[in-house]
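Colleague: Could you take a close look at one part of this model for me and walk me through what sits around it? Feel free to wander outward from there once you've covered it.

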Amino acid sequence: MQAQAATHHAARKSLAPGLALATFGAIAFSGKAIIVKLAYRHGVDAVTLIMLRMLFALPLFALMAWWAGRGKPALTRRDWFGVVGLGFSGYYLSSFLDFAGLAYITASLERLILYLNPTLVLLFGWIAYRRRITRWQFAGMAVSYSGVLLVFGHEVSLGQSAAAAWGALLVFLSAVSYAVYLVASGEFVKRLGSLRLVGLATSVACLLCIAQFLLLRPMSAAFEVAPEVIWLSVLNATLCTAVPVLAVMMAIERIGPAMAAQTGMVGPMSTILMGVLLLGEPFTLWIAAGTVLVVTGIFVFTRTGR
């Protein structure tokens, strides 16, 4: 009996830091949209802004890849092709589309759209591998998408129909691009390990974002941004990009991916709260109802999909 009590106490003791890490990671990730919206107030464009974020994040992700790869076999040519493809889809394209979309829609709607990602992963898994979708999962998807449509309809009603539609489409395509990465990354996670793969793929994405800037903008444009944009980009690269990646990885090691994913449900709420407090975005019954629908639908979807 004492041994069981000691084991239970140890489990609870290890659960608390895992939940704290997962919660911190979800909140830090959600802060990215807030920082991007704040930077846009200083007249910067998406190409320059994402370049600055990735420029400051590159040393952190390169260090992560090196640390995770110590003592491991060198990558084969096939591994490198996979890393480049995953870096393009999962971190370069999805990040750029997300940044571009945030110029047109609120941070709240952006976070709700991105939160649909598990449903897209399931759909692509069904298309690629014929994985079964249950009726409960269909129901959860329907509830979640109705919540996003509710919030989207509210933004359209505010007279931003064309801009809101374009921004929502860009962010949804961002979620699609990241879902493709998640579906395709399974084999490479097993071969390379999750931390090494993330470090390598994000390093590739950083280089692609820098190359995109050099192709589309003069070098002088990087030095013409407001000082606030630089500091916001440093904060985005560290607190909202590299640090939460490590926090979520550490949380998964302690409490498992299922509980870490459930804890991530705090993300949409934290984005809405920060949007209201830091950006002055409106909080209406429409947004509250849409958020409840999205979170409830994803909860049903993930719980019944185990």
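Modeller: Let's start with what Lys 32 touches: setting aside residues up to four places away in sequence, the list is Arg 53, Asp 98, Phe 99, Glu 110, Arg 111, Leu 114, Asn 236 and Cys 240. Bear in mind that this is a predicted model. Lys 32 lies in helix H1, which covers residues 2–40. Is Lys 32 buried or exposed? It counts as buried, because its relative accessibility is 8% and the cut-off for buried is under 20%. Among those neighbours, Glu 110 deserves a second glance: its side chain makes a polar contact with the side chain of Lys 32, at 2.9 Å.

Now for the cysteine on that list. The structure holds 0 disulfides. Cys 206 is in no disulfide, and its nearest cysteine sulfur, that of Cys 209, is 6.8 Å away. Cys 240, the one touching Lys 32, is in no disulfide either, and there the nearest cysteine sulfur is that of Cys 206, 15 Å away. A disulfide needs the two sulfur atoms within 2.5 Å, so neither cysteine qualifies. Cys 240 is buried at a relative accessible area of 4%, and Cys 206 counts as buried too, at 0% relative accessibility.

Cys 240 also takes us to a pocket, by way of the helix numbering: helix H10 spans 227–263, and the second largest pocket draws at least two lining residues from H10 and at least two from helix H2 (46–68). The lining consists of Leu 60, Leu 63, Met 64, Trp 67, Leu 195, Ala 242, Val 243 and Leu 246. H2 gives the largest share, 4 residues. What is the lining like by class? There are 8 nonpolar residues, with no polar and no charged ones. If you're thinking about volume, the second largest pocket holds about 170 Å³ of space.

Next, helix H9, residues 194–216, where Leu 208 lies. Leu 208 is partly exposed, with a relative accessible area of 30%. Leaving aside neighbours within four places in sequence, Leu 208 is in contact with Phe 88 and Tyr 92. There's a long-range pairing here as well: the C-alpha atoms of Leu 208 and Met 51 are separated by 8.8 Å, although the two residues are 157 apart along the chain.

Last stop is helix H6, residues 135–157, which holds Ser 144 and Val 148. Ser 144 counts as buried at 0% relative accessibility. What does the side chain of Ser 144 find there? One of its polar atoms lies 3.0 Å from the backbone nitrogen of Ile 298. Beyond its neighbours within four places in sequence, Ser 144 is in contact with Leu 116, Leu 293, Val 294, Gly 297 and Ile 298.

Val 148 counts as buried as well, at 9% relative accessibility. Its contacts, again leaving out neighbours within four places in sequence, are Leu 109, Leu 112, Ile 113, Leu 116 and Val 294. Leu 116 and Val 294 therefore turn up in the lists of both Ser 144 and Val 148, with contact meaning heavy atoms within 4.5 Å. Val 148 has a distant partner in sequence too: Ala 289 is 141 residues apart along the chain, with the C-alpha atoms separated by 9.7 Å.

Methods: Residues are numbered from 1 along each chain as its sequence is written. This is a predicted model: local features need pLDDT of at least 70, side-chain atom pairs count only at pLDDT 80 or more; totals for chains, interfaces and linings use all residues. Side-chain values use heavy atoms; hydrogens and water are left out. On a 1 Å grid over the protein atoms alone, a cavity is a set of points where a 1.4 Å probe fits but cannot get out, and a pocket is an open set with protein on both sides within 12 Å along at least five of seven lines; lining residues have an atom within 4 Å of a point. Grid points are joined across faces, edges and corners, and a volume is the space filled by probe spheres set on the points. Ala, Val, Leu, Ile, Met, Phe, Trp, Tyr, Cys and Pro count as nonpolar, Asp, Glu, Lys and Arg as charged, and the others, Gly among them, as polar. Buried means under 20% relative accessible area, exposed over 50%, partly exposed in between (1.4 Å probe, protein chains only). A polar contact is a pair of N or O atoms within 3.5 Å; within protein, one must be able to donate a hydrogen and the other to accept it, and residues adjacent in sequence count only if both atoms are side-chain atoms.
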